[in-house]
Amino acid sequence: MNNHPILELQNVSVVYRQRNGLHTSLHEIGLQIGQGEWLAIAGRNGSGKSTLAKVIAGLCPISKGTITKQADLGHISMVFQNPDSQLIGETIFEDLCFSMENFQVDPNDMEIRAREALQQVGLAMDIHWEVSRLSGGQKQLLNIAGCLVTGANLFLFDESTSMLDPLARERMLQVVRTLHKAGRTIVWITQWMEELAWADRVIVLEDGRIKFSGCPRKFFYGVSNQTEWSPCEQFRFPPPYVVQVARLLQQKGIDIPKGPLTVEEFQQMCGAICQSV
Ligand SMILES: Nc1ncnc2c1ncn2[C@@H]1O[C@H](COP(=O)(O)OP(=O)(O)OP(=O)(O)O)[C@@H](O)[C@H]1O
């Protein structure tokens with residue numbers, strides 16, 4: 001991580017009381033998040049992803065360890081899995097006003113702020129449109145706009161695309177990529193391997209422990225970029241289609257110096273291979 005850390009967890013554990021006794025959901029987690037970083041958190045159901053997200057957002061008390069927040073961390077906003085779970089207003093504007101009221105935004109500035117945020121997320125519709133008439137994807141974009149109007153610096157997405165269709169998922173990812181390019185810090189929780197490509201760093205949780213930390217290329221292709229099992233394969237996650245094809249080509253002896261993560265990178269790789277034969 002090159003960016004300066006704005007939030008640090010040291011030896012953080014979270015223990016829940018369950019019916020059959022105590023359950024440790026996070027075990028001595030050590031983690032730094034840098035300003036402007038895109039950190040992706042992957043892991044199977046029950047691995048502790050949501051608990052970690054809530055710890056980062058300050059929504060879950062920790063049982064052990066320390067959390068250090070730098071002054072420039074700013075405000076953390078979260079977008080949840082279910083698009084309906086955090087929408088309160090009956091109209092788009094009303095909903096954004098609820099978010100702004102919580103942050104004491106001057107009522108005279110609310111409409112302009114709302115319009116700017118909606119433009120940033122590409123939600124080009126009347127601000128008095130009823131929320132109930134929005135699609136799931138549009139609701140998630142409204143939830144992002146709700147974070148933007150509060151002036152959040154760190155955006156936490158907890159499996160926020162999991163209830164969306166592929167087009168809405170792609171649109172949401174594009175919006176988040178734009179936020180990231182504009183300098184916002186992103187924590188992206190997902191079980192979808194395709195979504196890891198955009199991260200600066202991937203961590204994998206297993207039974208509440210960090211079992212991998214590194215860049216997406218290291219995760220999908222391993223350290224030496226050769227044919228031994230990559231971390232993604234070792235965790236038995238299904239790699240994205242472009243990674244699967246590139247790995248098969250590697251196994252056939254074709255040299256792929258920089259493993260592609262996206263369709264665009266895959267196209268470039270194919271062009272380079274064609275030129276070399
Ligand atoms: N409020 C709670 N009380 C008791 N146990 C909890 C609570 N929240 C989570 N757990 C337990 O902690 C463990 C980790 O749960 P968590 O929701 O963080 O995992 P997750 O990786 O986000 O799972 P999923 O992908 O299914 O959302 C699970 O065993 C879960 O049952």
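Buried means under 20% relative accessible area, exposed means over 50%, and partly exposed lies in between, with a 1.4 Å probe and protein chains only. The model is predicted, so local features need pLDDT of at least 70 and side-chain atom pairs count only at pLDDT 80 or more, while totals for chains, interfaces and linings use all residues. Residues are numbered from 1 along each chain as its sequence is written, and side-chain values use heavy atoms, with hydrogens and water left out.

**Exercise 1. The ligand shell**

Find how many residues surround the ligand and which are the closest.

Solution.
- Step 1: set the cut-off. A residue is near a molecule or strand if one of its heavy atoms lies within 4 Å of it.
- Step 2: count. The ligand has 14 residues around it. Gln18, Ser25, Gly46, Ser50 and Thr51 are the closest.
- Step 3: sort by class. Ala, Val, Leu, Ile, Met, Phe, Trp, Tyr, Cys and Pro are nonpolar; Asp, Glu, Lys and Arg are charged; the others, Gly among them, are polar. The shell then splits into one nonpolar, ten polar and three charged residues.

**Exercise 2. Polar contacts and cover**

Identify which atoms of Gln18, Gly46 and Lys49 pair with the ligand, then state what share of the ligand the protein buries.

Solution.
- Step 1: define the pair. A polar contact is two N or O atoms within 3.5 Å; within protein, one must be able to donate a hydrogen and the other to accept it, and residues adjacent in sequence count only if both atoms are side-chain atoms.
- Step 2: take the ligand nitrogen. A polar side-chain atom of Gln18 sits 2.8 Å from a nitrogen atom of the ligand.
- Step 3: take the ligand oxygens. Gly46 uses a backbone N or O atom, 2.8 Å from an oxygen atom of the ligand. Lys49 uses an N or O atom of its side chain, at 2.9 Å from an oxygen atom of the ligand.
- Step 4: compute cover. Areas come from the Shrake-Rupley method with a 1.4 Å probe; for residues, only the protein chains shown count as cover. The ligand alone exposes 630 Å², and the protein buries 66% of that.
- Step 5: assign the elements. Helices (H or I, at least four residues) and strands (E, at least two) are DSSP runs, numbered from the N terminus. Strand E1 (5–18), strand E2 (21–34) and helix H1 (49–57) each give two or more residues to the shell. H1 gives the largest share, three residues.

**Exercise 3. Two pockets**

Describe the volume and lining of the largest pocket, then of the second largest.

Solution.
- Step 1: define the search. On a 1 Å grid over the protein atoms alone, a pocket is an open set of points with protein on both sides within 12 Å along at least five of seven lines, whereas a cavity is a set where a 1.4 Å probe fits but cannot get out; lining residues have an atom within 4 Å of a point. Points are joined across faces, edges and corners, and a volume is the space filled by probe spheres set on them.
- Step 2: the largest pocket. It holds about 430 Å³ of space. Its lining has 17 residues, with Glu170, Glu194, Glu195, Trp198 and Val263 nearest the centre. Helix H5 (166–181), helix H8 (241–251) and helix H9 (263–276) each supply at least two lining residues. H5 supplies the largest share, five. By class, the lining has ten nonpolar, one polar and six charged residues.
- Step 3: the second largest pocket. Its volume is about 360 Å³. It is lined by 18 residues, and Ser77, Met78, Gln86, Ser99 and Gly146 are the closest to its centre. Strand E5 (76–79), helix H2 (92–102) and helix H4 (136–148) each give two or more of the lining residues. The classes are nine nonpolar, eight polar and one charged.

**Exercise 4. Positive phi**

Locate Asp207 and Arg236, and decide whether each is buried or exposed.

Solution.
- Step 1: Asp207. Its phi is positive, about 50°, although it is not a glycine. Asp207 lies in the loop between strand E8 (201–206) and strand E9 (209–214). Its relative accessibility is 57%, so Asp207 counts as exposed.
- Step 2: Arg236. Its phi is also positive, about 60°, and it is not a glycine. Arg236 sits in the loop between helix H7 (231–234) and H8. Its relative accessibility is 64%, so Arg236 counts as exposed.

**Exercise 5. Sequence and space**

Give the C-alpha separation for Ser13 and Val55, and for Ile62 and Gly136.

Solution.
- Step 1: Ser13 lies in strand E1. It is buried, at 7% relative accessible area. Ser13 and Val55 are 42 residues apart along the chain, and their C-alpha atoms are separated by 9.8 Å.
- Step 2: Ile62 is in the loop between H1 and strand E4 (64–69). It is partly exposed, at 28% relative accessibility. Ile62 and Gly136 are 74 residues apart in sequence and 33 Å apart, C-alpha to C-alpha.
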